[in-house]
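Biologist: Could you take me closely through one part of this model, namely the places where the ligands are held, and set out what surrounds them?

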Amino acid sequence: MQFQRILVTGGAGFIGSAVIRHLLADREAEVLNFDVLTYAANLMSLPGVEDEPRYRFVRANICDPEAVQAAFRDFRPDCVLHLAAESHVDRSLTGPAAFIETNVLGTGVMLQAAREYFDSLSADEQAGFRFLHISTDEVFGSLGDEGMFHPDTPYDPSSPYSASKAGSDHLVRAWGRSFGLPVLITNCSNNYGPCQFPEKLIPLMILNGLEGKKLPVYGKGDNVRDWLYVDDHARAIVTVAEKGQIGETYLIGGEAERTNLEVVRTICAILDEEAPHAEISDRSGLIEFVTDRPGHDFRYAIDCSKTQAELGWAQQESFESGLRRTVRWYLANTAWLDAVRTGAYRDWMEANYASR
Ligand code: NAD
Ligand code: DAU
C-alpha cells in the first residue's frame, strides 16, 4: 500500500514525532498531526515541519467527536496511525481518570468517526483504507523468568495505563469485527531514543546523571524490560500499516532484555565517558534504591518473529549503540533539553499554537 494522506494522532509525542519525521523523510504522503498538546507533547521534536508543504497540524482532542469528524472530513485520510494516549504508568497510578478518558473513550471516538467516514467511501477507497492502533506489550501483564509474549498471549493488564490500553485494543477489534473497519494493532515493548519526555526511565536517568542528581531505581532494580530504539518502532509502524493483514496483531520488540539496574549502570558508564562530571568520577554511585512501583510488572519479552517473517521488518539499532546515540542526542540538543527542563516548551507551544 502507498498511502496519500496519513492522519497521525499524538504526533507531537515521543513516538508520534519519530513516525512523522520518518514519513516526511521517507514517504510522499501528506501528514496531518492531530494532537491536543498535553504536557508530554513537544513540537520542538518536529524541527523544520513548518516549511514542509506535506505537513499540517490540528490542535484538538481525540475525545471531541466534532473535531475528530472534521479532521476526517477535511483531510480525507487513507490511513490512520493512532498513537495519542496518556502513556506513563506512574501517572496512571496517581491520576487514572485521564487514562480512561483519552485511551478508552478517545479511542472509541476515533473508531466511530473512522467508521462513519469509511462507510462514506467508494469501494475502491475502502479497499485502500487502514486504521492502525499503536498499543503496548503491557496489555499482556507480567512474565516470570521464562517465556515471551506472542500475538495470542491472553490479556492480563496490571496498571490503570495497561488496562486502559487493553480496553482500547478490544474496542479496535470490535470495530473491525462488527463494522468491517480495516483495523490492525501493534503491541510494542519499551521504546527509548531522542525526544522522550524525562519522566520515563532512560531520559530521567540521563538528565539526573548529567546534573549529578540521585538515580532512583524502583525496588531492587531486577525488573526486566525489552528495549527498542524509537526509529526502529517508527519504521515498524509504517511497515505494518503498509503491508500488514487486516485484523491482525503484530508484536514489535527489540530482543534486548535488560534489568533496570543494568540499564542505569550502562547509562552511568556512557555519561562518565561522554560527559565527565567535575566532581563525580563514577555516576553509578548516584544510584538509589527507592520504594517499588505498586503492581510493578516483573518482566516483559516480545516474540516479534511473525512481524519479522511476514513483513520483513528488522530493527537496525542494537541496544548498546542506540543507548550511546541517545545519550549523545541529549548532550547535543541542549535547546530541546533546556526548554523541557524549564517548562519553556509549553510557553512556546501556547504562544504559537493556542488557537489552532
Ligand atoms: P507520549 O506521552 O510521548 O505522547 C503522547 C501524545 O499524545 C502527546 O503528544 C499528547 O499531547 C497526545 N495526546 C494525549 N492525549 C491526547 C488527546 N486526548 N487528544 C489528542 N492528543 C493527545 O507517548 P509515546 O511514548 O509517544 O506513546 C505513543 C503511543 O505508543 C501510545 O499509544 C503508547 O501507549 C504507545 N506505546 C508507547 C511505548 C513507549 O515505550 N513509549 C511502547 C509501546 C507503545
Ligand atoms: O512496555 C511498553 C511500555 O513501556 C509503554 O507502553 C509505556 O507507555 C512506557 O512508559 C513504558 O512503560 P514502563 O513502565 O516500562 O516504562 P518506564 O520508563 O516508566 O519504566 C521502565 C522501568 O524502569 C520500569 O520497570 C520501572 C522502572 N523505573 C522507572 C522510573 C521512571 C525505575 O526504576 N525508576 C524510575 O524513576
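Modeller: What follows is a walk through the surroundings of the two ligands, with a brief look at two helices at the end. The model is a predicted one, and the distances and areas below are computed from its atoms.

I begin with ligand 1, which has 28 residues around it, the closest being Ile15, Asp35, Ser87, Tyr161 and Lys165. Two neighbouring backbones take part in its polar contacts: a backbone N or O atom of Gly13 lies 3.0 Å from an oxygen atom of ligand 1, and a backbone N or O atom of Phe14 likewise lies 3.0 Å from an oxygen atom of this ligand. A side chain contributes as well, since a polar side-chain atom of Asn61 is placed 2.8 Å from a nitrogen atom of ligand 1. On its own ligand 1 has 830 Å² of accessible area, and the protein covers 96% of that. Two or more residues of the shell come from each of α1 (14-26), β5 (130-136), α6 (160-179) and β7 (190-192), and among the contributors β5 gives the largest share, 3 residues. By residue class, the shell around ligand 1 divides into 15 nonpolar, 11 polar and 2 charged residues.

Turning to ligand 2, one finds 23 residues around it, with Thr136, Asp137, Tyr161, Arg293 and His296 the closest. Tyr161 is thus listed among the closest residues for ligand 1 and again among those for ligand 2. Two side chains approach oxygen atoms of ligand 2: a polar side-chain atom of Thr136 lies 2.7 Å from one oxygen atom, while a polar side-chain atom of Glu138 lies 2.8 Å from an oxygen atom. The backbone enters through Pro216, where a polar backbone atom is 2.9 Å from a nitrogen atom of ligand 2. Of the 680 Å² of accessible area that ligand 2 has on its own, the protein covers 94%. Helix α7 (201-211) and strand β8 (215-218) each supply at least two residues of this shell, whose residues divide into 10 nonpolar, 7 polar and 6 charged.

Two further helices complete the account. Helix α4, residues 97-119, has 23 residues and spans 32 Å from its first C-alpha to its last, close to the 33 Å expected at 1.5 Å a residue, although α4 does bend by about 30 degrees at Gly106. Helix α10, residues 305-311, contains Lys306, whose side chain is joined to that of Glu248 by a polar contact of 2.5 Å. Leaving aside residues up to four places away in sequence, Lys306 touches Pro151, Glu248, Thr249, Tyr250 and Leu311.

Notes
Residues numbered from 1 in each chain as written. Chains lettered and ligands numbered in written order. Predicted model: local features only at pLDDT ≥ 70, side-chain atom pairs only at ≥ 80, totals over all residues. Heavy atoms only, no water. Near = heavy atom within 4 Å. Polar contact = N/O pair within 3.5 Å; in protein donor to acceptor, adjacent residues only side chain to side chain. Areas by Shrake-Rupley, 256 points an atom, 1.4 Å probe, with all protein chains shown as cover. Helix = DSSP H or I, 4+ residues; strand = E, 2+ residues; numbered from the N terminus. Nonpolar A, V, L, I, M, F, W, Y, C, P; charged D, E, K, R; others polar. Expected span 1.5 Å × (residues − 1). Bend = angle between axes of the 7 residues up to and from the residue. Contact = heavy atoms within 4.5 Å.
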